[in-house]
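Reader: Could you walk me through how to read the chain-to-chain interfaces here?
Author: Sure, let's look at the model together.

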Protein chains: 4
Amino acid sequence: MRIAINTGGGDAPGLNAVIRAVTLSALRLGWEVVGIRRGYEGLLSDMPDGLVKLTRDSVRGITHLGGTILGTTNRGNPLKWSEKRPDGTTVEIDRSDELIAAFDRHGIDVLVAVGGDGSLTIANGLAEKGLKVIGVPKTIDNDLASTAVTFGFHTAVQTATDAIGRLHSTAEAHRRTMVVELMGRHAGWIALFAGLGGTADVILIPEVPYDIEKVCEAVDARYDGDRGFCIVVVAEGAQPIGGEATYRNGAGAGAGLMARLGGIADVLAEQISERTGRETRSLVLGHLQRGGEPTAYDKTLALRFGAAAVQLIEEGHFGCMVSLDPPEIRAVPLAEAVAHIKTVPADSDVMLTARRLGVAFGD
Amino acid sequence: MRIAINTGGGDAPGLNAVIRAVTLSALRLGWEVVGIRRGYEGLLSDMPDGLVKLTRDSVRGITHLGGTILGTTNRGNPLKWSEKRPDGTTVEIDRSDELIAAFDRHGIDVLVAVGGDGSLTIANGLAEKGLKVIGVPKTIDNDLASTAVTFGFHTAVQTATDAIGRLHSTAEAHRRTMVVELMGRHAGWIALFAGLGGTADVILIPEVPYDIEKVCEAVDARYDGDRGFCIVVVAEGAQPIGGEATYRNGAGAGAGLMARLGGIADVLAEQISERTGRETRSLVLGHLQRGGEPTAYDKTLALRFGAAAVQLIEEGHFGCMVSLDPPEIRAVPLAEAVAHIKTVPADSDVMLTARRLGVAFGD
Amino acid sequence: MRIAINTGGGDAPGLNAVIRAVTLSALRLGWEVVGIRRGYEGLLSDMPDGLVKLTRDSVRGITHLGGTILGTTNRGNPLKWSEKRPDGTTVEIDRSDELIAAFDRHGIDVLVAVGGDGSLTIANGLAEKGLKVIGVPKTIDNDLASTAVTFGFHTAVQTATDAIGRLHSTAEAHRRTMVVELMGRHAGWIALFAGLGGTADVILIPEVPYDIEKVCEAVDARYDGDRGFCIVVVAEGAQPIGGEATYRNGAGAGAGLMARLGGIADVLAEQISERTGRETRSLVLGHLQRGGEPTAYDKTLALRFGAAAVQLIEEGHFGCMVSLDPPEIRAVPLAEAVAHIKTVPADSDVMLTARRLGVAFGD
Amino acid sequence: MRIAINTGGGDAPGLNAVIRAVTLSALRLGWEVVGIRRGYEGLLSDMPDGLVKLTRDSVRGITHLGGTILGTTNRGNPLKWSEKRPDGTTVEIDRSDELIAAFDRHGIDVLVAVGGDGSLTIANGLAEKGLKVIGVPKTIDNDLASTAVTFGFHTAVQTATDAIGRLHSTAEAHRRTMVVELMGRHAGWIALFAGLGGTADVILIPEVPYDIEKVCEAVDARYDGDRGFCIVVVAEGAQPIGGEATYRNGAGAGAGLMARLGGIADVLAEQISERTGRETRSLVLGHLQRGGEPTAYDKTLALRFGAAAVQLIEEGHFGCMVSLDPPEIRAVPLAEAVAHIKTVPADSDVMLTARRLGVAFGD
């Protein structure tokens, strides 16, 4: 048996733990393991380093490392491959047959695809074409519907909570309002959990459109009494009632340009400063949320997912994704796993907890 | 409505977050909140500082603090109160009626009891006597059966995983075997999770009696090849096949004396050193596992539990414990919650993951 | 004896440790201690909470807290007080006599002024007018000339080094260039130390004007061979050869507006992206560098400074600043302490170390 | 030019940063670098893996790792080599000529010896025999006299301070006295700095023999008033007035046996518990102080030492040790560097600070 591992999309703390668990579990069964470097492009173009053999040595000491030793990429969907034509136009072609042929040529029996919504949709497409595929869920944002949670999320929340904690002292010392922008374009889980644990006063998430007047009222209320400062946590996809989200990095634009156009935190800081007259500062946590050593929770979860993926292969249970259904791991069909994303329900207990604690959502 | 909060038994990171969430949630409903200082003793003896009023100010900035602002104690079970008789003997008397009268005298309508197996058994006893009680589960060891997990556990695992990580570098540099003793007298959850995330080579837990020969074989195996060192993680309640656990602190004995008698880590280190000839060192993590700032995961979980406790009071749902049934919080009867403890099942996926990764359990 | 403590300017981790050490040391001598809240404004306007008595209780458990329990402000220089005239114009007036009268009225014998260049210049002005003053140096940027180092700097460097470490994994996984903007308008110490410890590839500081071509060459060089990613650390005051610094927050402008205009990190990320074609992202660490728990190094240094300040008062040695002259603390005249700022010398061993390790400075 | 690096004695956070800095600095000059594996034994016995070539690849990403990639050992002094005779007795022989011949045979021009008192004494012995040697100071304990400080110390202090912080919450919750044993057989620097930064109530160090009665008085005093708990920090070499130190691990004894005999923390906890009647617990931080990622301070210091060592080689300045003379690095003769150890002076400002803050030393 020869299995290949692919890590796709944005990196998340715990990817290396998955790679280690799949590799060690498979080697114990006498199987071979290879890693696909930097997405499928290398495999499609038969680049010499597109595949790398994974041994006990190659996965030693990687559990605590962020990133992925295989590299990753947000580009290169084999089902919808962007190709430039001689006339300068771009067409999307389906290269999945070609990719499956490449797997075949390299003697790969099973693909373990570790990824989020995008990568798992690709994995599902390949599964539907007959490739034996096991999916492993990966999302910082916690927006995958078919698993209670996946690795990376709690590490991002920890990083964000620590950052909010640091801002408390400087906000308090200067009686400032601090606006912190966290990840979450479509789902506000990171902002909600980190805002709650970091005792933010205002939390704005995509699921609850906000009224800037109510946000400013909540800010002002924090200056009454002895507290005298305010922490506003905002998910990057938060949006005003009747308005649209203000993304920092739009598709196709250069990073520097977009940053200068500003994101939601900058817009909010300016609005709050103007309307309340309070000294207001913004901070964008950005890529700090993706990097670094996974928390202990995420290390064990990632290792469990990796080992469970090998168990599914042993059982011949393909076309599935491993999923956390506490306290156990189970398998869900890939098609079901990518059917829709998980956003914060208005009546989830975390939302209700925040409201009971007096957090304002601007609604 | 006037509610009282009690924190009992060993301290756990997250207790203060529970206190804050109960207090803020109750104050928003216009209720009064008091804290019971250092267990029930003060209340029974009507000590002047036995009760303290909890306000927004008293719970400000405590979410990130370890310990409990109310103090706690392992002594003083009102159902089985140890009392010295004039003749020097000790008898156990039931002072629960007296305690319920004290609650009455202080105008307390509901008791929120935050504790582990022992404290919740007391809470259940009081509930059976007619007191309106809500339980909040607290256990570092993760051995409460009626909740998926509770606050404190993942913080302890994080602390233990970090410690194991620190020992890796010194173990590797000196080609040593390090034996690390973690908490867990009856349940090996901390050792299992921390050992897995910290990539220990051997994990010994109460649920899997070990054969010292097999442990030593596993140690020796780590010196074959290039690795050349070994990490053994042992729960304090681990025991040899056919033998008994070697506790560090026995009941009634002074701390210093017991420490000198040594615990399981010292015994194991000596046995491994003698049988394998490997340089072996031991470390007892002890109280470091109880203290310090809760992880982000535990902060939010503790806050959710506290808010849910107030919701149960609102709903008039007494005699229950709040419980995590992911992704939501629900209520379970107190009697059910304390009926039995939760140990590591041999076929749990975490155990199977460890075995797939090559961890030895000495069995 | 009655002494007053003032914390001025931006907050820095360790301020509370200074307050605790001054307070406990003074109380042991039987002195009284008061804290000046939020700068001199409250004292000048005789606001009721402008002064707060400091006791053992008020300084309990504050050593590990960031910020300052007294509050601070960047506004309100009593020597150059901005006052609005009826015609709308603003004049600067000298209110130092008024302030000294206020000290007198409140029976304050000595002022302990904890601050950076600005606050210590004020302190020196007050000393020249006859007030008994002891200065305690505080600067995140490490730009005070008369002390080897002061508290706050190494905490900021630690935070920045950790952040750079987090970005490594995501940079490597995606083969990106990450541009990280750190504090330092006139002195590049934070960028130099954090860049060195965080193993950055390029470090740009105010002291070494850069050539963008050379920066891009250095970036490209990191993609040759196996590394395939690049970390650029830039102090906010770094400037191109012959050009000017691009500050994020200019004087007088609102925070949001300025953030949108962008700072040096955004400019650099755009330039590098355009010239090298490499995927480039920027991150501005901002206020995270000011906040949070001080490192152990900064805690002890701040405590030593506080205790030394009280010793100088005991010795009647006024008009001085405590200063670290390793391994001891000594006193330097305030006038000397604020005479000039300390920038990175081109031949300092830290610079030479960075160059020996292959770090590019763009020169 | 071909240089060899040796890391000797106990491991310390920062060793790998020295190795990286020496290697990168030397490679830039076109030199070759080899690492001596696990002390001199491999070299003396011509073991095949006794020397390993160091390249850019071998030192990539090691700055943040604890331990040493070369391995280390506390055994094997080539000047006093223990050799078993056929009759069972052991003799010490001088194998330094043999070792110098081995250096010659492997074409090694210069030895960079990274170590503490013991390793540098060996290095000095080799230098006196004519080998070109550069020393780099390494000591967790901060007891090397000829350098202001060296890497490893501040990381150990940080770890110890964090641990004391964790114990505060559990001590306070249970109104306990916690006795924490830290490293330091002859010098109390770690206990003094960590005790000060961790706000311990009692600090016992080898330099100040203690009276157990005075220690207990200080403990009791902490229970007067509202605090109600006590933190005692003790260096492993602390000793009662007129008594001797109680080491945990005596020479020649097995680790387990020694641990059971107990160290100073256990003895103290028992004495305090008996005399004061306070609930007392002990914790031995042990190897946790050696391991883990270096602090940012130690990373840069270690890198600076490594780069400075190469500069000394370039300048032909042999027989020296690099040393921190803030703010610069300078060279001191090896003979001077190992002449005596640095203990805590009674009148050092850190001691005086602790006394001003009310810390008891039991004297």
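Author: What follows is a short tour of two interfaces, C with D and B with D. This is a predicted model, where local features need pLDDT of at least 70 and side-chain atom pairs count only at pLDDT 80 or more, while totals for chains, interfaces and linings use all residues. Residues are numbered from 1 along each chain as its sequence is written, chains are lettered from A and ligands numbered from 1 in the order in which they are written, and side-chain values use heavy atoms, with hydrogens and water left out.

Reader: How is chain C laid on chain D, by what turn and shift?
Author: You superpose the copies by least squares on the C-alpha atoms of residues with pLDDT of at least 70 in both. Here a turn of 180° with a shift of 0.0 Å along the axis lays chain C on chain D, at an RMSD of 0.0 Å. The two copies are therefore related as by a two-fold rotation axis. In chain C, Pro326(C) has the C-alpha nearest that axis, 3.4 Å away.

Reader: And how many residues of chain C are in contact with chain D?
Author: Contact means heavy atoms within 4.5 Å. By that rule, 43 residues of chain C touch 43 residues of chain D.

Reader: What area is buried between chain C and chain D?
Author: The size of an interface is often given as the accessible area lost when the parts come together. With a 1.4 Å probe and the loss summed over both parts, chain C and chain D bury about 3600 Å², and carbon and sulfur atoms give 56% of that. Asp349(C), Arg356(C) and Leu357(C) supply 20% of what chain C buries against chain D, more than any other three residues.

Reader: How many salt bridges are there between chain C and chain D?
Author: Look for a side-chain nitrogen of Lys or Arg within 4 Å of a carboxyl oxygen of Asp or Glu. The count is 4 for chain C and chain D. One of them joins Glu314(C) to Arg356(D), with the closest N and O atoms 2.7 Å apart.

Reader: What about chain B and chain D: how many residues are in contact?
Author: There, 45 residues of chain B meet 45 residues of chain D. The buried area is about 3600 Å², with 55% from carbon and sulfur atoms. As for salt bridges, the count between chain B and chain D is 0.

Methods. Buried area = accessible area lost by both parts, 1.4 Å probe.
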